[in-house]
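Got a few minutes? Here are some short exercises to work through with the model open beside you.

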Amino acid sequence: MATRKIVVIGSDTLRKKSKPVVDFDESLAKLLDDMKQTMIERNGVGIAAVQIGVLRRAVIIEIESGEYLEIVNPKIVKTKGKVKGAEGCLSVPNFFTDVERPKYVKIVAQDRNGQEFEFEAEDYIARCICHELDHLDGVLFVDLTDEGKTYKKQKGVE
């Protein structure tokens, strides 16, 4: 495992749409391991591959202390409710703001071996999933609130 550099707001990479993973091989395993290591060392709770400069549809989220969910090629299939809560991001250092997200989310995805699975989450974990899946489509949490838009304008980033 290796710690990789985090791509930060202002980089064009963060605005690109990630491509599906097609090869479930050792390079994917290394990518997921490096993502996890990078996230842990930076005290994050979630990370998308694009945040380390790799445009692949892969995400890792800490769902409980020391328990991690690897999500490859995810699709949201159901959401319910709405709730507003604070978010931050490894790619947007030192900025936090409230973002409205679904209270409940259900996804279908693949694991590191290509096996399909479903996962349901509520509240905080649902928020984390939605936040990380947005990264795969080039969307940052600062795009979703007026405070975030003000932050981007002040920093001169898009």
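Contact here means heavy atoms within 4.5 Å. Axes are lines fitted to C-alpha atoms, for helices over the stretch in contact, with angles from 0 to 180 degrees between N-to-C directions. Helices (H or I, at least four residues) and strands (E, at least two) are DSSP runs numbered from the N terminus. This is a predicted model, where local features need pLDDT of at least 70, side-chain atom pairs count only at pLDDT 80 or more, and totals for chains, interfaces and linings use all residues. Residues are numbered from 1 along each chain as its sequence is written, and side-chain values use heavy atoms, leaving out hydrogens and water.

**Exercise 1.** Find the strands that helix 2 lies across.

*Solution.* Start at helix 2 (123-135). It lies across strand 1, strand 2, strand 3, strand 6 and strand 7. Then take the angle: helix 2 runs at about 125 degrees to strand 7.

**Exercise 2.** Work out the strand order of the open sheet.

*Solution.* Two strands pair if DSSP finds at least two bridges between them. Following the pairs gives 1-2-3-6-7, with antiparallel pairing. At the edges sit strand 1 (46-48) and strand 7 (116-122), each pairing on one side only. For one link inside the sheet, look at strand 3 (67-80) and strand 6 (104-110), joined by 6 bridges; Thr79 has Val105 as its bridge partner.

**Exercise 3.** Describe how strand 4 and strand 5 are arranged.

*Solution.* Strand 4 (83-89) and strand 5 (92-101) pair in the antiparallel sense over 6 bridges. They make a hairpin with 2 residues between them, and Cys89 stands opposite Val92.
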